[in-house]
Amino acid sequence: MMEDLINSKLADDLMIDIFRRIDSKFSSDSCCLVCKRWFFLERISRKTVQFGRSGRAESTDSMVRLLAGRFVNVENVYINELSVSSSSNLVKRRRVRRATPSTTSSLHESDQSVSGDNGMGTSCLSDSGMAAVGDGFVKLEKLSLIWCSSVTDVGLRSFAAKCKSLKSLDLQLVNGESLPPFSVLVRSMSGCYIGDEGLAAVGEYCNRLEDLNLRFCEGLTDIGLVQLALGCGRTLKSLGLAACVKVTDVSLEAVGSHCRSLETLSLDSDVINNKGMLAVAKGCRLLKVLKLQCVNITDEALEAVGLFCLSLELLALYSFQKFTDRSLYAIGNGCKRLKNLTLSDCYLLSNKSLDYVAAGCPELMHIEVNGCHSIGTDGLKSIGKINFHIDSDSWSWIIHRSRLSELALLYCQKIESNALSEIGEGCKFLQALHLVDCLGIGDDSICSIAKGCKNLKTLHIRRCYEVGNKGIIAVGQNCKFLTDLSIRFCDRVGDEALISIGQGCSLHILNVSGCHQIGDAGIIAIARGCPQLTSLDVSVLQHLGDRAMMELGEGCPLLKDVVISHCRKITDVGLGYLARKCTLLESCHMVYCPGITSAGVATVVTSCTRIKKVLVEKFKVSSRTKRRAGSIINYLCVEL
């Protein structure tokens, strides 16, 4: 008998370290089946548990107790009752439990899609379950609760008293009123009540808390947040507040007074005004990340940020109606370390704002402009310009070249075709470019980027109708490091463009959805030139057929995600060939493909052992396929 070199040579601590480096749940579960020692070591190596609402006979509370008893070193717990950790299809769960250790199938289920019953009638996490979390996970440092509909202040207090080493708490909840089904889809949070008493308990007991995120906690008022700031403000580094309608400037004044170490602040509120933001800017001078969606904040508050928060690295401003270029002038003048800027629906900002930031923030690496209709070509050109500064010590000129690595332009109607010429010339470090509904940008702009930004790795273009073969061919000829290409609903892009990409780039991700001129020739070029391809979306390509699917099967064996919906010429023959060759396939969307029948669906399910999600019309799923893999099949919803 051969000697077991692994178990005889490697100590437990080394094996545990190896298990903790495994990213794939599939691989982790497979390791558990090797031997009893590996099964035991894999259990104690787990630091994270993630599960949803229980769909089985036992409640979520029982699930907590079960997992706490078996995984003793867990530090992070994520409970998302918007999803279901155990499918309502018990047949699937029983089958998995025969094939894998009894509890591993309950973990890391955030990406599991569930069909059929949505589990609304199952038992949810209660206050008793919260106490069990505190009792069972003795090393807990991070807790995330999403839509835990039965948890109240009593449960949170009980938990806080037992988890004094807690560092991160994420509560994404609302009040106790249930929402109608469609509103559940829209808001995705419903039905629980966390108020002042629970949050005050966290401040009282969790003196090491560093990260707090509160979303849709409508029962929370200034009383609870002030008590928390008094209790653990000294250690708090990150605070997120969204849709907490009773939280006002009083809370932010307490944060400014007691949370001097705060580095990250995210606010989404219709009631917070300048007074609260001024207090934070003056009191939290170590602030590095600031995200604001507050319609009542004006230039006065942003000018204070530019004056006092000199360490700011990320600034994101959403839906602002009351501040102007004055704010960005203050940011550019004071926040010299700014690296990331997002401006979304800020209608009063003009080209001057980008000019101020580009000239004053030499470390800027990421810019996103979304729906700011007064920002146009001149503002964009200022980003790529080479700026000159005088060194105050040596009184010599210093050349400042742009360090921009990512640029996103969304719904910018005033940007013209030559807008990206300056970016191509001045932003040599650009690695990612995102363009959405920029109707003025065409081939000349893309050619400028391709010739000047040869380190480009990601290019996403959607509904830019002036972009055609010429621009994409230039990308294929010049951007040899490109791995992620998305060209959606660009009617002028055809096979010639993809042939150039296949010859010049080694793509991992490709999305050409809605590019009607692309057919078999273009996708075949990709199949032959991009063997590392893992994700492909060719939906709504009316001229694509089985020949391209066969070439993909031969040339791209690493494919994991495929979308072929609305491809009328693809049949069971092409799909079957692809499924048999691409055995790593994990998801396949194939709705509105008249050439694909129940036989093709069955082939995908049987050939791809790692398949997790299949999206298809209900009538194409046979009873046998449903019995075999009902839990991974998602049906197109046509009964709205």
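In this predicted model, Thr-603 touches Gly-576, Ala-579 and Arg-580 when residues up to four places away in sequence are not counted. Thr-603 belongs to helix α25, which spans residues 598-607, and the side chain of Thr-603 reaches the backbone oxygen of Ala-599 at 2.9 Å. The relative accessible area of Thr-603 is 18%, and Thr-603 is therefore counted as buried, since the cut-off for that class is under 20%.

At the level of the whole protein, 26 helices and 23 strands are found. Of the 640 residues, 54% count as buried. Among contacts with a separation of 6 or more, 77% are accounted for by residues 24 or more positions apart.

One helix pair can be described through its axes. Helix α11 (residues 222-232) and helix α12 (residues 249-258) have axes that come within 9 Å and cross at roughly 5°. Because angles under 35 degrees count as roughly parallel, α11 and α12 are placed in that class. On the α11 side, the contact is made by Asp-222, Leu-225, Val-226, Ala-229 and Leu-230, and on the α12 side by Val-250, Ser-251, Ala-254 and His-258. In terms of residue character, the contact of α11 with α12 divides into 6 nonpolar, 2 polar and 1 charged.

The cysteines were examined next. A search of the whole structure finds 0 disulfides. Cys-259 is in no disulfide, and the nearest cysteine sulfur, which belongs to Cys-284, is 6.2 Å away; a disulfide would require the two sulfur atoms to be within 2.5 Å. Cys-259 is nevertheless buried, with a relative accessible area of 1%. Cys-479 is likewise in no disulfide, the nearest cysteine sulfur being that of Cys-505 at 6.7 Å, and Cys-479 counts as buried at 0% relative accessibility.

Cys-284 itself lies in the loop between α13 and β8 and is buried, with a relative accessible area of 0%. Leaving out residues up to four places away in sequence, Cys-284 touches Val-255, Gly-256, Cys-259, Leu-262 and Cys-309. Cys-284 and Lys-237, which are 47 residues apart in sequence, are 9.9 Å apart in space from C-alpha to C-alpha.

The elements on either side of this loop recur in the surroundings of helix α14 (residues 299-308), which is mostly covered, with 7 of its 10 residues buried. These buried residues are Asp-299, Ala-301, Leu-302, Ala-304, Val-305, Gly-306 and Phe-308, and they pack against α13 (274-283), β8 (289-294), β9 (314-318) and α15.

Helix α15 (residues 325-334) contains Leu-328, which counts as buried at 0% relative accessibility. With neighbours within four places in sequence left aside, Leu-328 is in contact with Leu-317, Phe-323, Leu-341, Leu-349, Ser-353, Tyr-356 and Val-357. For one of these partners, Ser-353, the separation from Leu-328 is 25 residues in sequence and 5.3 Å in space, C-alpha to C-alpha.

Key:
Residues are numbered from 1 along each chain as its sequence is written. This is a predicted model: local features need pLDDT of at least 70, side-chain atom pairs count only at pLDDT 80 or more; totals for chains, interfaces and linings use all residues. Side-chain values use heavy atoms; hydrogens and water are left out. Axes are lines fitted to C-alpha atoms, for helices over the stretch in contact, and angles run from 0 to 180 degrees between N-to-C directions. Helices (H or I, at least four residues) and strands (E, at least two) are DSSP runs, numbered from the N terminus. Angles under 35 degrees count as roughly parallel, over 145 as roughly antiparallel, 65 to 115 as roughly perpendicular and the rest as oblique. Contact means heavy atoms within 4.5 Å. Ala, Val, Leu, Ile, Met, Phe, Trp, Tyr, Cys and Pro count as nonpolar, Asp, Glu, Lys and Arg as charged, and the others, Gly among them, as polar. Buried means under 20% relative accessible area, exposed over 50%, partly exposed in between (1.4 Å probe, protein chains only). A polar contact is a pair of N or O atoms within 3.5 Å; within protein, one must be able to donate a hydrogen and the other to accept it, and residues adjacent in sequence count only if both atoms are side-chain atoms.
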